[in-house]
Amino acid sequence: MNARDARALIAPAVDGPGGIWADLGAGTGTFTRALAGLLGPDCTIYAVDRDPHSVAELSSARCA
């Protein structure tokens, strides 16, 4: 799944910008990045995965 498809899939569940969210089983961050794009700059997303290398790749993901 690409980021555009992920964003379209989760957009109905996002009721507005900002907030605190969690992505459990984040993997490489497709949904984490999609969520960050939907929430804007005033959000916090906790990405959790059992693979530390996957989570390390997400350190550059920012709410935009």
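The following exchange examines selected residues and elements of a predicted model.

Colleague: Is Thr32 buried or exposed in this model?

Modeller: Thr32 is found in helix H2, which spans residues 30-39. The term buried applies under 20% relative accessible area. Thr32 is therefore classed as buried, its relative accessible area being 5%.

Colleague: Which residue has a side chain joined to that of Thr32 by a polar contact?

Modeller: Setting aside residues up to four places away in sequence, Thr32 touches Asp23, Ala26, Ile45, Ala47 and Leu58. A polar contact of 2.4 Å links the side chain of Thr32 to that of one of these residues, namely Asp23.

Colleague: Which elements do the buried residues of H2 pack against?

Modeller: The buried residues of H2 are Thr32, Ala34, Leu35, Ala36 and Leu39. One of them, Leu35, touches Ile10, Val14, Trp21 and Ile45 when residues up to four places away in sequence are not counted. As a group, the buried residues of H2 pack against helix H1 (3-10), S1 and S2.

Colleague: Which element supplies the largest share of the largest nonpolar core?

Modeller: This core has 9 residues in all: Ala6, Ile10, Val14, Ala34, Leu35, Ala36, Leu39, Cys43 and Ile45. At least two residues of the core come from each of H1, H2 and S2. The largest share, 4 residues, is supplied by H2.

Colleague: What phi does Gly40 take?

Modeller: Gly40 lies just after H2. The sign of its phi is positive, and the value is about 80°.

Colleague: Is Asp42 buried or exposed?

Modeller: Asp42 is found in the loop between H2 and S2. A residue counts as exposed over 50% relative accessible area. With a relative accessible area of 67%, Asp42 is therefore exposed.

Colleague: How many Å apart in space are Asp42 and Gly19, C-alpha to C-alpha?

Modeller: Leaving aside neighbours within four places in sequence, Asp42 is in contact with Gly18 and Gly19. Asp42 and Gly19 are 23 residues apart in sequence. From C-alpha to C-alpha, their separation in space is 7.0 Å.

Colleague: Which residues does Gly25 touch, not counting those up to four places away in sequence?

Modeller: Gly25 has its place in the loop between S1 and H2. Its relative accessible area is 55%, so Gly25 is exposed. With residues up to four places away in sequence not counted, Gly25 touches Val48 and Asp49.

Colleague: What separates the C-alpha atoms of Gly25 and Ser54?

Modeller: Along the chain, Gly25 and Ser54 are 29 residues apart. In space, their C-alpha atoms are separated by 9.8 Å.

Colleague: Which elements give two or more residues to the nonpolar patch on the surface?

Modeller: The patch is formed by Ile20, Leu24, Tyr46 and Val48, with about 470 Å² of accessible area together. Two or more of its residues are given by each of two elements, strand S1 (19-24) and strand S2 (43-48). Among the patch residues, Tyr46 has its place in strand S2. The elements asked for are thus S1 and S2.

Technical notes. Residues are numbered from 1 along each chain as its sequence is written. This is a predicted model: local features need pLDDT of at least 70, side-chain atom pairs count only at pLDDT 80 or more; totals for chains, interfaces and linings use all residues. Side-chain values use heavy atoms; hydrogens and water are left out. Patches are made of residues with over 30% relative accessible area and no salt bridge: like charges are joined within 9 Å, nonpolar side chains (Val, Leu, Ile, Met, Phe, Trp, Tyr) within 5 Å. Accessible areas come from the Shrake-Rupley method with a 1.4 Å probe; for residues, only the protein chains shown count as cover. A salt bridge is a side-chain nitrogen of Lys or Arg within 4 Å of a carboxyl oxygen of Asp or Glu. Buried means under 20% relative accessible area, exposed over 50%, partly exposed in between (1.4 Å probe, protein chains only). A polar contact is a pair of N or O atoms within 3.5 Å; within protein, one must be able to donate a hydrogen and the other to accept it, and residues adjacent in sequence count only if both atoms are side-chain atoms. Contact means heavy atoms within 4.5 Å. A nonpolar core is a set of buried Ala, Val, Leu, Ile, Met, Phe, Trp, Tyr and Cys residues joined through side-chain atoms within 4.5 Å.
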